[in-house]
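Let's take a friendly walk around the ligand site of this model, and then look at a patch on the surface.

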Amino acid sequence: MPTGALKAGRGLELRPLRLADARALFEQVDANRTRLRRWLPWPDANRSPADSRLYILRMRAQARTGLGASYGLWWKDRLVGVAGFNWIDQPNRSGALGYWLAREAEGRGLMTAAVAALLRHGFRTLALNRIEIRAGLRNRRSRAIPERLGFRREGTLRQAEWVNGRFVDHAVYGLLASEWRGNVR
Ligand SMILES: CC(C)(COP(=O)(O)OP(=O)(O)OC[C@H]1O[C@@H](n2cnc3c(N)ncnc32)[C@H](O)[C@@H]1OP(=O)(O)O)[C@@H](O)C(=O)NCCC(=O)NCCS
């Protein structure tokens, strides 16, 4: 298992993104562009493997400074998505998760397993106290993940994000270390 990788069960492994992943990452973004751009603002600006390389460099710098942690999702020897802490706020021991999956990997519980592994990592290894997920109010598949994992719905941020020509409201979910089911050993 590569350094810093997290096992998520179901044959899924979360590996810190490496520059060598740039081509595979770009190919998945390119193949899933129409689905992804519905809920994510960045696919239109990702037009080549060089853009994916820049993204990976940014994520690696963020990880080195402890301000975030992004992982490639590896399943059946393929990179099928990305998940991780979009930001980590160390003084407040708080972090926010983001994620996307390729169509070929959707509908199998893989992202729920990946997020469960990130919760374990966040609460146990990074000693976070609060983990947040913001999902588009109408993004049923994304909202189902925190709902399955016992997050509490904390509210709605109205017109929180400009996504390809429209403002999207965000449903905010939070989970505290004291509420996390994995805390029960
Ligand atoms: C959001 C996204 C990652 C959710 O993917 P997903 O495949 O629905 O989520 P999971 O991998 O956890 O799988 C859950 C699905 O697998 C099914 N499943 C099968 N076995 C399962 C298991 N053991 N545990 C949980 N779910 C399981 C669930 O029933 C569910 O399917 P359903 O919605 O048809 O009922 C994906 O739709 C995506 O990438 N969307 C575009 C980008 C995006 O919106 N990102 C989030 C921005 S906030």
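Helices (H or I, at least four residues) and strands (E, at least two) are DSSP runs, numbered from the N terminus. This is a predicted model, in which local features need pLDDT of at least 70 and side-chain atom pairs count only at pLDDT 80 or more, while totals for chains, interfaces and linings use all residues. Residues are numbered from 1 along each chain as its sequence is written, and side-chain values use heavy atoms, with hydrogens and water left out.

With that in place, α5 gives the largest share of the shell around the ligand, five residues. The shell holds 23 residues (near means a heavy atom within 4 Å), and Glu106, Gly107, Met111, Thr112 and Arg141 come nearest. Three of these nearest residues have polar contacts (pairs of N or O atoms within 3.5 Å) with oxygen atoms of the ligand, as the table shows.

| Residue | Atom in the residue | Distance to a ligand oxygen |
|---|---|---|
| Glu106 | polar side-chain atom | 2.4 Å |
| Gly107 | backbone N or O | 2.7 Å |
| Arg141 | side-chain N or O | 2.5 Å |

Taken alone, the ligand exposes 940 Å², and the protein buries 75% of that (areas by the Shrake-Rupley method with a 1.4 Å probe). Two or more shell residues come from each of α2 (33-37), β5 (94-101), α4 (110-125), β6 (130-136) and α5 (140-148).

Now for the surface: Leu19, Leu54 and Leu57 make a nonpolar patch of about 240 Å² (residues with over 30% relative accessible area and no salt bridge, that is, no Lys or Arg side-chain nitrogen within 4 Å of an Asp or Glu carboxyl oxygen; nonpolar side chains are joined within 5 Å). Leu54 belongs to helix α3 (residues 49-64).

Terms used. A polar contact is a pair of N or O atoms within 3.5 Å; within protein, one must be able to donate a hydrogen and the other to accept it, and residues adjacent in sequence count only if both atoms are side-chain atoms. Patches are made of residues with over 30% relative accessible area and no salt bridge: like charges are joined within 9 Å, nonpolar side chains (Val, Leu, Ile, Met, Phe, Trp, Tyr) within 5 Å.
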